[in-house]
Amino acid sequence: MADLRVNFCGVELKNPVTTASGTFGFGHEYGEFYDLGELGGIGVKGLTPEERLGNPAPRIAETPMGILNCVGLQNPGVDRFIAEQIPFLRQYDTRIIANVSGTSVEEYAGIVEKISDADVDLIEMNISCPNVKCGGLTFGTQPKMVEEVVSAAKKVAKKPLIVKLSPNVTDIAEIARAAVSAGAEALSLINTLLGMRIDVESRRPILSNIMGGLSGPAVFPVAVRMVYQVHQAVDVPIIGMGGIRSGRDIVEMMLAGASAVAIGTACFADPMAPVKALHELEQFLDDHGIASVTELTGAVQI
């Protein structure tokens, strides 16, 4: 049997398979299907300083190879997460990856500092959010803004800091370098691609927010490309995500440069998707005589 363990920023994952934030809630529903302890880590629902109800419906639209969403970071707020959800998650032998968001540099720093004192293993900072002090310009699309917000968060972070990158940029490598230069210890990518659907009968946008984030199998080749580019540009661990459905997808993402992966939208179609993909990964490693899953990372032959 291959060794599935991954050292990620000094935190040992029993295997490289985690869940993508926003698609797994806090694990309650999925825990009815399998032992969450089979996973290397759980990326929890994105947290904000205060409770958010999210956007009005409709906020999900199907696409031929995935979904569009404009859920709007619905969550109970960081304080309730710490009080109510961490005790539940700690029943399982898995790592907790706390995903956090903000609308200003100060908000990001504040929530990172608070979650650092909680019983989580890794902090994932979602910078695909609008900066209210800069006219709504997304934090993750400008290198200077990336450096500013990551630097502020790094000063107060007591747990390894992962920065989640937006794909809605011209040069993903430039954004990655900015995040790492400001102190990011790891990166995760990709977040959703901006998209839109229109109801041809009513001639109105399907989503209440007009536009939303595209996820699912359609974005997988884009995610592989961007993980490869970022792996070439910086020397930090990467969680690869975006359309992963199978063990072979995991292998492909790791060959591109990922040290671990996150499975998201696939869970909506099949709640068992992460553990099925994990077992397929194990079988692939054994069939190919690979002793450790870490041998895959960045091993694409160009």
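This briefing walks through the overall build of the protein chain, then helix 4, and then some backbone details worth a look. The model is predicted. Its protein chain has 302 residues, and a radius of gyration of 18 Å agrees with the value near 19 Å for a compact globule of that length. Eight helices and 18 strands make up the secondary structure.

**Overall build**

- The C-alpha trace spans about 55 × 50 × 40 Å along its principal axes.
- Of the 302 residues in the chain, 54% are buried.
- Take the contacts between residues at least 6 apart in sequence: 68% of them join residues at least 24 apart.

**Surface and charge**

- The protein chain exposes about 13100 Å², and 51% of that area comes from carbon and sulfur atoms.
- There are 24 positive and 35 negative charges, and the mean positions of the two sets are 6 Å apart.

**Helix 4 and its surroundings**

- Helix 4 covers residues 172-181, and its buried residues are Ile-172, Ala-173, Ile-175, Ala-176, Ala-178 and Ala-179.
- The cover over these buried residues includes two helices, helix 3 (143-156) and helix 5 (220-233), along with strand 11 (161-164) and strand 12 (186-189).
- At the start of the helix, Asp-171 places a side-chain oxygen within 3.1 Å of the backbone nitrogen of Ala-173; Ala-173 is itself among the buried residues of helix 4.
- After the helix comes Gly-183, with a positive phi near 120°.

**Cis peptide bonds**

- The bond from Ala-57 to Pro-58 is cis, with omega near -5°. Pro-58 sits in the loop between strand 4 (41-43) and strand 5 (60-63).
- A cis bond also runs from Leu-189 to Ile-190, where omega is near 15°. Ile-190 belongs to the loop between strand 12 and strand 13 (193-196), and strand 12 is one of the elements covering helix 4.

**Positive phi outside glycine**

- Arg-203 is not a glycine, yet its phi is positive at about 65°. You will find Arg-203 in the loop between strand 14 (198-199) and strand 15 (204-205). Its relative accessibility is 73%, so Arg-203 counts as exposed, the cut-off being over 50%.
- Ile-210 has a positive phi too, of about 70°, and is likewise not a glycine. The loop holding Ile-210 runs between strand 15 and strand 16 (211-215). With a relative accessible area of 42%, Ile-210 is partly exposed, because that value falls between the limits of 20% for buried and 50% for exposed.

Key. Residues are numbered from 1 along each chain as its sequence is written. This is a predicted model: local features need pLDDT of at least 70, side-chain atom pairs count only at pLDDT 80 or more; totals for chains, interfaces and linings use all residues. Side-chain values use heavy atoms; hydrogens and water are left out. Buried means under 20% relative accessible area, exposed over 50%, partly exposed in between (1.4 Å probe, protein chains only). Helices (H or I, at least four residues) and strands (E, at least two) are DSSP runs, numbered from the N terminus. Contact means heavy atoms within 4.5 Å. A polar contact is a pair of N or O atoms within 3.5 Å; within protein, one must be able to donate a hydrogen and the other to accept it, and residues adjacent in sequence count only if both atoms are side-chain atoms. The radius of gyration is taken over C-alpha atoms; the globule rule is 2.2 Å times the number of residues to the power 0.38. Accessible areas come from the Shrake-Rupley method with a 1.4 Å probe; for residues, only the protein chains shown count as cover. Lys and Arg count as positive and Asp and Glu as negative; His and the chain ends are not counted. The place of a charge is taken as NZ of Lys, CZ of Arg, CG of Asp or CD of Glu.
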